[in-house]
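Reader: Could you walk me through how the labels on this structure are earned? I like to see each value set beside its cut-off.

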Amino acid sequence: MRLIMFLIDRIKNGQGFPCLFHLLTGFYCPGCGGTRAIRLLLKGELIKSFCYHPFVPYLALVLLLEAVLFLRALIRKGKRPLAGMEERYPRWVAIGAAIILVNWIVKNVLLVMGMDLLLPLP
């Protein structure tokens, strides 16, 4: 019953569902901070979003860039809309994976040192 009340309290306070990995180990998972980063990005707070999880603004930037390239190719009738994506895609994925890995390591190292970067949103 206490777990249910804890979960309801967390959801009511705007933090979403708690991370099971964090609850069990005390360490952050690679996705911890993502929900808060999305909320902040949608509010236009890019720097704060980046601080909670840098992958979220990176992904938004990649999606925006790919949408612009797609629309530009549609406007230019001689080009295929998805031309060049097969070369860009592996780079986007590699950069995104590196961001997630570095973010995960940094947040947990700082957590062990006593600095919690994922404080609840006000």
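Reader: What makes E66 count as buried or exposed?

Author: Glad to start there, with the reminder that this is a predicted model. E66 has 12% relative accessibility, and buried means under 20%, so E66 counts as buried.

Reader: Why is the contact of R88 and E66 called a salt bridge?

Author: The side chains of R88 and E66 meet at 2.8 Å, N to O, and the cut-off is within 4 Å, so the pair qualifies. R88 lies in helix α6 and E66 in helix α5, so the salt bridge ties together parts that are 22 residues apart in sequence.

Reader: How many salt bridges does the structure hold?

Author: There are two. K48 and E45 also pair through their side chains, at 3.3 Å from N to O.

Reader: What makes K48 partly exposed?

Author: Its relative accessible area is 48%, and partly exposed lies between 20% and 50%, so K48 fits that label. E45, at 29%, is partly exposed as well.

Reader: How do you know that C19 and C32 are not counted as a disulfide?

Author: The sulfur of C19 is 3.5 Å from the sulfur of C32, its closest cysteine sulfur. A disulfide needs the sulfurs within 2.5 Å, so this pair is too far apart for a bond. The count is zero disulfides. C32 is buried, at 8% relative accessibility.

Reader: What makes F70 eligible for a nonpolar patch on the surface?

Author: F70, in helix α5, has a relative accessible area of 32%, and patch residues need over 30%, so F70 passes that cut-off. The patch, with F70, L71 and Y89 among its residues, has about 640 Å² of accessible area together. Helices α5 (55–75) and α6 (85–112) each give two or more residues to this patch.

Conventions:
Residues are numbered from 1 along each chain as its sequence is written. This is a predicted model: local features need pLDDT of at least 70, side-chain atom pairs count only at pLDDT 80 or more; totals for chains, interfaces and linings use all residues. Side-chain values use heavy atoms; hydrogens and water are left out. Buried means under 20% relative accessible area, exposed over 50%, partly exposed in between (1.4 Å probe, protein chains only). Patches are made of residues with over 30% relative accessible area and no salt bridge: like charges are joined within 9 Å, nonpolar side chains (Val, Leu, Ile, Met, Phe, Trp, Tyr) within 5 Å. Accessible areas come from the Shrake-Rupley method with a 1.4 Å probe; for residues, only the protein chains shown count as cover. Helices (H or I, at least four residues) and strands (E, at least two) are DSSP runs, numbered from the N terminus.
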